[in-house]
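Student: Could you take me through a close look at one loop, and then show me what can be found elsewhere in the chain? I'm new to this, so please explain the terms as you go.

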Amino acid sequence: MSPIVNRFLKAPMTASVVGCPFSGGQPRLGVDKGPIHLVEAGLLDQLVGLDWKVNFDGHHQFEEITAANDPPIGKLKNPRFVSKVCESVAKVVEGHAKKGELPLTLGGDHSLAMGTISGTLAAHPDACVIWIDAHADINTAETTDSGNIHGMPVSFLMGLNSQTIPEFSWVNPALKPDRIVYIGLRDVDQGEKRILKETGIKAFSMHEVDKYGIGKVVEMALDHVNPKRDRPIHLSFDVDALDPSVAPSTGTPVRGGLTFREGHYICEAIWETGCLVALDLMEVNPSLEDADSVQQTVAVGCSLVRSALGETLL
């Protein structure tokens with residue numbers, strides 16, 4: 001077990017795995033298979049090998065939630081389905097977090113973060129969010145071009161939509177601009193750029209990673225959202241933050257991303273704070289690319305989780 005003492009988790013440290021085979025926030029098939037492949041690759045045993053107690057009661061299949069009769073609301077696609085699933089995930093994550101466990105959510109598309117972060121903030125109201133992604137995922141119902149809600153979870157968590165959307169009334173807009181920081185951005189819509197500027201949200205694009213190096217960027221990010229290193233941290237990691245040469249099997253790959261080591265350094269450094277209370281790994285899509293690329297991406301996903309939960313090089 002890592003010598004790092006986590007100030008928020010109860011002993012023995014327990015990772016409660018929330019498998020979310022869900023793809024409703026975006027149009028490409030297959031991202032719902034990501035969690036299944038991660039578990040089949042041995043991730044749970046790998047965590048046990050790091051001296052974690054692991055809870056896993058199977059993947060959440062959302063059998064009772066259907067997407068039938070779910071016409072768009074404005075541009076928003078599958079709004080009722082996404083909302084119901086995220087609300088369900090929020091309750092599960094909140095339940096684990098309130099017991100002093102670490103919810104490890106395996107996605108699925110990144111719309112699920114609307115649920116995971118809602119659950120974390122319900123249990124840890126002073127938590128901050130470190131969002132690792134090629135995309136800002138902060139489009140609103142007004143700024144979105146595609147209507148795909150996986151590009152919008154942050155706007156719901158922050159209450160940025162100009163009009164109330166009753167189907168998402170369960171979302172408590174508790175995330176404040178000074179409690180979220182981005183690392184790895186490189187494909188940001190014009191509307192999102194404007195939102196980031198207007199809200200003053202701190203974001204480190206790949207330009208800053210190139211300029212300062214990943215160590216300095218992570219330090220600056222933590223100094224912004226968690227200056228005293230005393231706030232719970234929710235780490236939400238989209239594998240498309242990594243360069244496609246590292247993690248090719250994802251739905252919206254963008255060249256020029258984080259290297260293998262940069263992605264792992266982020267996870268290692270967050271664990272070293274002793275403040276991690278929740279982890280998302282999102283957007284592994286095994287239906288894209290060839291079998292070797294899928295195996296590579298799944299292996300990288302498992303490796304990122306291990307690094308975030310205490311695995312060290314020495």
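**A loop and its surroundings**

Tutor: Asp51 lies in the loop between helix 2 (43-49) and strand 2 (53-55); helices (H or I, at least four residues) and strands (E, at least two) are DSSP runs, numbered from the N terminus. This is a predicted model, in which local features need pLDDT of at least 70 and side-chain atom pairs 80 or more, while totals for chains, interfaces and linings use all residues. Residues are numbered from 1 along each chain as its sequence is written, and side-chain values use heavy atoms, without hydrogens and water.

What catches the eye at Asp51 is its backbone: phi is positive, about 70°, although Asp51 is not a glycine. Most residues other than glycine have a negative phi, and most peptide bonds are trans. With that in mind, look at two peptide bonds. The bond from Ala11 to Pro12 is cis, with omega near -10°, and Pro12 sits in the segment before strand 1. Gly107 and Gly108 are also joined by a cis peptide bond, with omega about 20°. Gly108 belongs to the loop between strand 3 (102-107) and helix 4.

That loop brings us to helix 4 (residues 113-123), whose axis comes within 7 Å of the axis of helix 3 (residues 79-98), the two crossing at roughly 35°. (Axes are lines fitted to C-alpha atoms over the stretch in contact, with angles from 0 to 180 degrees between N-to-C directions.) The crossing is right-handed, meaning the near helix is turned clockwise from the far one by less than a right angle. On the helix 3 side, the contact (heavy atoms within 4.5 Å) is made by Cys86, Val89, Ala90, Val93, Glu94, Ala97 and Lys98. Helix 4 contributes Met114, Gly115, Thr116, Ser118, Gly119, Thr120, Ala122 and Ala123.

Let's pause at Ala123, which is in helix 4. Leaving aside neighbours within four places in sequence, Ala123 is in contact with Glu94, Ala97 and Lys98. The C-alpha atom of Ala123 is separated by 18 Å from that of Phe156, 33 residues apart along the chain.

Helix 3 also takes part in an aromatic pair through Phe81, whose partner Phe22 lies in the loop between strand 1 (14-20) and helix 1 (34-40). This pair links distant parts of the chain, 59 residues apart. The rings of Phe22 and Phe81 are edge-to-face, 5.1 Å centre to centre with 70° between the planes. (Rings of Phe, Tyr and Trp, its six-membered ring, pair if their centres lie within 6.5 Å; planes under 30 degrees apart are stacked, over 60 edge-to-face, the rest tilted.) In total, the structure holds 4 aromatic pairs.
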